[in-house]
Amino acid sequence: MARVITKITRQKRNEERYNIYLDEKYAFSVDEAIIIQYGLTKGKSLDEMAVGEIAFDDEVSRAYNRALSFLAYQMRSEHEVHQKLLKAEFGEAVIQEAIQKLTRLGFLNDETYATALAETKKRTSKKGPKAILQDLKQKGIDPKLQQEVVEAFSEEEQLSMAMELAEKKVRQEQRKTPSQIKQKVQEFLVRKGYSFSIVQQVLETVVIQPEEDEWTSLIDLQGEKVWRKYSQKYEGYELRMRVKQALYQKGFPAEVIEQYIEKREQE
């Protein structure tokens with residue numbers, strides 16, 4: 001049974017929405033865009049099917065506008081927008097319609113988003129392929145697109161970025177031995193998402209070799225703790241061997257260890 005629009009009023013709290021009255025009774029509210037889309041005017045007749053279509057399209061319009069607000073701050077993936085609208089309690093059919101509209105109008109594009117995200121992660125954090133893949137996965141990017149984006153990350157670019165990270169790490173760890181520094185660099189680059197191959201190439205290239213006087217200050221720094229630890233339990237030959245083994249595991253050369261132990265024994 002058709003009913004007639006008897007009144008249309010603008011809402012006070014939201015001037016872009018209008019209240020629709022059918023047969024003198026409030027029936028529903030819609031966005032201004034829906035008013036125009038359906039040509040809703042006083043005197044127009046609407047049956048139940050038409051009211052249902054209008055209600056659905058109005059939900060889509062609201063979901064679309066909510067998504068636009070979400071996208072206004074920064075680029076988002078389709079998955080992020082989908083989750084945002086689900087959280088706002090829009091239905092799945094409404095969300096899909098809104099996403100299709102956003103995609104059609106260019107507000108959503110996972111290919112552009114994934115490429116931009118990867119470039120941002122490379123530029124700001126110098127992340128490697130594995131870490132970027134994880135970021136893309138968290139954003140709900142299609143696995144095939146994830147691979148395409150990462151495959152565009154050339155080995156030359158990876159090496160350059162990983163080397164820059166390694167050199168910075170070396171400077172930060174100057175109070176450690178070369179083997180300790182290499183371990184730190186390796187762990188750091190792996191956490192950043194670089195492959196074993198890239199890490200090995202970097203470790204073979206990066207310069208981590210203290211001068212002779214630097215070895216002395218290094219072993220004085222680290223040897224003190226080792227000597228104090230073992231001298232409380234051992235002495236003589238046993239103490240010498242325990243300290244020597246501990247310092248060797250830390251990466252100190254044999255001659256540097258011998259000099260250090262002789263100095264300690266003479267004190």
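1. Two strands count as paired if DSSP finds at least two bridges between them. By that rule, strand β1 (residues 3-10) pairs with β2 in the antiparallel sense, over five bridges. The model under review is a predicted one, and the points below begin with its sheet before turning to its helices.

2. The connection between these two strands is a hairpin, in which six residues join β1 to β2. Within the pair, Thr 9 stands opposite Asn 19 of β2. As general background, the strands of a sheet pair through backbone hydrogen bonds, in either a parallel or an antiparallel arrangement.

3. β2 also pairs with β3, again in the antiparallel sense and over six bridges. Here Asn 19 stands opposite Ser 29 in β3. The hairpin of β2 and β3 has two residues between the strands, and Asp 23 in this hairpin takes a positive phi near 50°.

4. β1 has a further antiparallel pairing, with β4, over two bridges. The residue of β4 that serves as bridge partner to Val 4 is Ser 45.

5. Taken together, the strands form an open sheet of four, in the order β3-β2-β1-β4, with antiparallel pairing. β3 and β4 (45-46) each have a single partner strand and stand at the edges, so one side of each is left without a neighbour in the sheet.

6. Is strand β2 (residues 17-22) mostly covered or mostly uncovered? It is mostly covered, since six of its six residues are buried. The burial extends to both faces: on one side Arg 17, Asn 19 and Tyr 21 are buried, and on the other side Tyr 18, Ile 20 and Leu 22 are buried as well.

7. Ser 29 merits a separate comment. This residue belongs to strand β3 (residues 25-31). Its relative accessible area is 17%, and because buried means under 20%, Ser 29 counts as buried. Apart from neighbours within four places in sequence, Ser 29 is in contact with Gln 11, Arg 17, Tyr 18, Asn 19 and Asp 58. Asn 19, one of these contacts, is also the residue of β2 that stands opposite Ser 29.

8. Which helix lies across the strands of the sheet? Helix α2 (residues 48-71) lies across β1, β2, β3 and β4, and runs at about 40° to β3.

9. α2 also packs against α3, at an angle of about 125° and with the two axes 10 Å apart. That angle makes α2 oblique to α3. The crossing of the two helices is right-handed. On the α2 side, the residues that meet α3 are Ala 63, Arg 66, Ala 67, Phe 70 and Leu 71, and their counterparts in α3 are Glu 80, Val 81, Lys 84 and Leu 85. By class, the residues of this contact divide into six nonpolar, no polar and three charged.

10. Helix α3 (residues 78-87) in turn packs against helix α4 (residues 92-104), at an angle of about 140° with the axes 10 Å apart. This makes α3 oblique to α4, and their crossing is right-handed. From α3, the residues Glu 78, Val 81, His 82, Leu 85 and Leu 86 meet Glu 92, Ile 95, Gln 96, Ala 98, Ile 99 and Leu 102 of α4. The contact comprises seven nonpolar, two polar and two charged residues.

11. Thr 103 is also found in helix α4. With a relative accessibility of 38%, Thr 103 counts as partly exposed. Thr 103 and Glu 78 are 25 residues apart along the chain, and their C-alpha atoms are separated by 8.7 Å.

12. The final pair to be described consists of helix α8 (residues 155-172) and helix α9 (residues 178-191). They pack at an angle of about 140°, with their axes 10 Å apart. α8 is therefore oblique to α9, and passes α9 in a right-handed crossing. In α8, Ala 162, Leu 165, Ala 166, Lys 169 and Val 170 meet Ile 181, Lys 184, Val 185, Phe 188 and Leu 189 in α9. Eight nonpolar, no polar and two charged residues make up this contact.

Conventions:
Residues numbered from 1 in each chain as written. Predicted model: local features only at pLDDT ≥ 70, side-chain atom pairs only at ≥ 80, totals over all residues. Heavy atoms only, no water. Buried < 20%, exposed > 50% of the residue type's maximum accessible area, 1.4 Å probe, protein only. Contact = heavy atoms within 4.5 Å. Axes fitted to C-alpha atoms, helices over the stretch in contact; angles between N-to-C directions. Parallel < 35°, antiparallel > 145°, perpendicular 65-115°, else oblique. Left-handed = near helix turned anticlockwise from the far one by under 90°. Nonpolar A, V, L, I, M, F, W, Y, C, P; charged D, E, K, R; others polar.
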